[in-house]
Amino acid sequence: MAAVFKALAAVFLVVVALTGTRVSAETHHVVGDELGWGPALDVNSWLAGRVFRVGDKILFKYSETEDGVVELKGLEEFLSCNLTNPIRMYTDRENHIPLEKEGVRYFTSANPENCKSGLKLPVPVQPHADKWPSALPDDNPFPPLDPPPFIPVHPPPQEPVHPPPREPFHPPPEVDPPPFVPIPPAPEFGPPPPRRPSAAADLRALSSVLFAGMLICYMGI
């Protein structure tokens, strides 16, 4: 009996190894880790590199003084912090929320002011991941598909760029110089002409001659 049980166990292990039976590993995501849910939470840092899958759970932990959690319907309400028509409100200080299907779930603070300050968490839930990949038998009915043929992309032809025609250079017309007009030389200035005595001087000279003649005549008599 023991030998039969061992044989069955061995067969079961072989079947599991060949068929790749799905082995799930749920992840419990504690929002904010030790810090918990509150205005001091850096949501972007906490989300960095984190993957949510179907079957995981998220845990919101907050104190009595902190606001609760609100789950909204869609992205528009999430972005505008419209909390008037939520799907559900959580106020138990510790809320374990299972992620049961694919899609994005939107959680925000129950306080609109804290929501507008950034206390809101989008949770994109991805499909369930297998721990061990399924082994395909040799007679796989779905052979790998050939990649599509490579089609080179040629750039559109470019029209040659012709520079605008250049106008021929025409030199300016020649202008005849003005006719040469000789400049006459300046007149030469000689010695000044002799000065003619004035009439008074002539009269005095004539009076002297007459007086001398009369004197000679008188003496000769």
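**Note on the predicted model**

1. Ile97 is located in strand E6, which spans residues 94–98. The model under review is a predicted one, and Ile97 is a convenient entry point to it. With a relative accessibility of 3%, Ile97 counts as buried. Leaving aside residues up to four places away in sequence, Ile97 touches Asp56, Lys57, Ile58, Phe60, Tyr90, Arg105 and Phe107. One of these, Lys57, is 40 residues from Ile97 in sequence, yet the C-alpha atoms of the two are 5.5 Å apart in space.

2. Strand E6 also holds Asn95. Asn95 counts as buried, its relative accessibility being 4%. Its contacts, again without residues up to four places away in sequence, are with Ile58, Leu59, Phe60, Tyr62 and Tyr90. With Tyr62 there is a polar contact between the two side chains, at 2.7 Å. Ile58, Phe60 and Tyr90 appear in the contacts of Ile97 and in those of Asn95.

3. Asp56, a contact of Ile97, deserves separate comment. Asp56 sits in the loop that runs between strand E2 (52–53) and strand E3 (57–61). Which side chain of opposite charge is nearest to the buried Asp56? That side chain is Arg53, at 6.3 Å, and Asp56 has no salt bridge. In general, side chains of opposite charge can pair when their charged atoms come close. The cut-off applied here is 4 Å between a side-chain nitrogen of Lys or Arg and a carboxyl oxygen of Asp or Glu. The side chain of Asp56 does, however, reach a backbone atom: the nitrogen of Thr27, at 3.1 Å.

4. Glu26 also meets this loop, touching Gly55 and Asp56 when residues up to four places away in sequence are set aside. Glu26 itself belongs to the loop between helix H1 (2–19) and strand E1. Is Glu26 buried or exposed? At 60% relative accessibility, Glu26 counts as exposed, whereas Asp56 is buried. Glu26 and Phe52 are 26 residues apart in sequence, and their C-alpha atoms are 9.7 Å apart.

5. On charge pairing, a search of the whole structure returns one salt bridge. Its partners are Glu71 and Arg105, whose closest N and O atoms are 2.9 Å apart. Glu71 is in strand E4 (residues 69–72) and Arg105 in strand E7 (residues 103–109), so the pair ties together parts 34 residues apart in sequence. Glu71 counts as buried, at 7% relative accessibility. Arg105 is also among the residues that Ile97 touches.

6. The count of disulfides comes to one. It joins Cys81 to Cys115, with an S to S distance of 2.1 Å. The pair links distant parts of the chain, 34 residues apart: Cys81 is in the loop between helix H3 (75–80) and strand E5 (88–90), and Cys115 is in helix H4 (residues 112–116). The torsion about the S-S bond is about -85 degrees, so the disulfide is left-handed. Both cysteines are buried, with Cys81 at 7% relative accessibility.

7. Two backbone torsions should be noted. Most residues other than glycine have a negative phi. Cys81, though not a glycine, has a positive phi of about 55 degrees. Asp33 likewise is not a glycine and has a positive phi of about 55 degrees. Asp33 lies in the loop between strand E1 (28–30) and helix H2 (43–47), and Cys81 in the loop between H3 and E5. Where Cys81 counts as buried, Asp33 is partly exposed, with a relative accessible area of 37%.

8. Finally, the chain as a whole. Its secondary structure consists of five helices and eight strands. In order from the N terminus, the elements run α-β-α-β-β-β-α-β-β-β-α-β-α. Of contacts between residues at least 6 apart in sequence, 70% join residues at least 24 apart. The salt bridge of Glu71 and Arg105, for instance, connects parts 34 residues apart. Buried residues account for 19% of the 221 residues. The chain exposes about 18800 Å², and carbon and sulfur atoms supply 64% of that area.

Methods
Residues numbered from 1 in each chain as written. Predicted model: local features only at pLDDT ≥ 70, side-chain atom pairs only at ≥ 80, totals over all residues. Heavy atoms only, no water. Helix = DSSP H or I, 4+ residues; strand = E, 2+ residues; numbered from the N terminus. Buried < 20%, exposed > 50% of the residue type's maximum accessible area, 1.4 Å probe, protein only. Contact = heavy atoms within 4.5 Å. Areas by Shrake-Rupley, 256 points an atom, 1.4 Å probe, with all protein chains shown as cover. Lys, Arg positive; Asp, Glu negative; His and termini not counted. Polar contact = N/O pair within 3.5 Å; in protein donor to acceptor, adjacent residues only side chain to side chain. Disulfide = S-S within 2.5 Å.
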